[in-house]
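This report walks a new reader through a few parts of the structure shown below. Please keep the sequence and the 3D view at hand while reading.

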Amino acid sequence: MYGQVSSKQFSGTLHGLMRFYVLHLVSQRKYYGYEIMETIREKTGGAWNFSSGALYPLLKRMERDGLIRGYSDGERNVYEITEEGRAALAKAKDKLAALLENWDNYRGLLEDFVGKEELVRLSVVGYQNQFRFLKDAVMLLDRPEAFDLLRRVKVEVDTQLYWINNKLNEVNK
């Protein structure tokens, strides 16, 4: 319908992300389809229950596109990445990194799309999510790497807190 985005259209964006995440998974080792579904469910905290009705057609398209190879091990289908898939995954990771590194360039688009108030709310949620992510990441690092990461984060947070305190003082006058 004109002027409305269907859930199918929106889910297409998420399926595009899942295509590259599945490619990432099978780049690490061979996977059964069920393992892919379970890994996605686990990594998203159950927020995304990727059904077999969505996964297996995606896997078939990825096979047809030459990104993965599927074969039977006698019991189940096994999926592994191809060289073409590795190249596509590297390119996708580079594009995602560039997008995230230049996220500030897209603020105007997001503000126009979701509105200023919603963008502010999403920014607060984003900070909370980033902090949880940082806490988890630090647990995975050895002591010197964790120390270096936390020191760099502290410098950035101190700079942001300085700005926030100045703005609070301005608003409070």
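## S52 at the helix

In this predicted model, S52 is partly exposed, because its relative accessible area of 41% lies between the 20% below which a residue counts as buried and the 50% above which it counts as exposed. S52 belongs to helix α3, and when residues up to four places away in sequence are not counted, the residues it touches are M37 and P57. Although S52 and G33 are 19 residues apart in sequence, their C-alpha atoms are 7.9 Å apart in space.

## Helix α3

Helix α3 covers residues 52-64, and its 13 residues, at 1.5 Å a residue, should span 18 Å, which agrees with the 18 Å that separates its end C-alpha atoms. Its buried residues are A54, L55, L58, L59 and M62. Seen down the axis of α3, these buried residues fall within an arc of 125 degrees, so they line one face of the helix.

The face of α3 that is turned away from the buried side carries the exposed residues G53 and R64. Just after α3 comes G66, which takes a positive phi of about 80 degrees.

## The three-stranded sheet

How are the three strands of the open sheet ordered? The order is β1-β3-β2, and the pairing is antiparallel. Strands β1 (31-32) and β2 (68-72) stand at the edges, where each has a single partner strand, so one side of each is left without a neighbour in the sheet.

Strand β3, made of residues 77-81, runs antiparallel to β2, and the two are joined by five bridges. Across this pairing, G70 stands opposite Y79 in β3.

## E80 in strand β3

Is E80, a residue of strand β3, buried or exposed? With a relative accessible area of 16%, E80 is buried, because that value is under the cut-off of 20%.

The side chain of E80 makes a polar contact with the side chain of R69, at 2.5 Å. When its neighbours within four places in sequence are left aside, E80 is in contact with V26, K30, I68, R69 and Y71, so that R69 appears both in this list and as the partner in the polar contact.

How values were computed
Residues numbered from 1 in each chain as written. Predicted model: local features only at pLDDT ≥ 70, side-chain atom pairs only at ≥ 80, totals over all residues. Heavy atoms only, no water. Helix = DSSP H or I, 4+ residues; strand = E, 2+ residues; numbered from the N terminus. Expected span 1.5 Å × (residues − 1). Buried < 20%, exposed > 50% of the residue type's maximum accessible area, 1.4 Å probe, protein only. Arc of directions from axis to C-beta. Pairing = 2+ DSSP bridges. Polar contact = N/O pair within 3.5 Å; in protein donor to acceptor, adjacent residues only side chain to side chain. Contact = heavy atoms within 4.5 Å.
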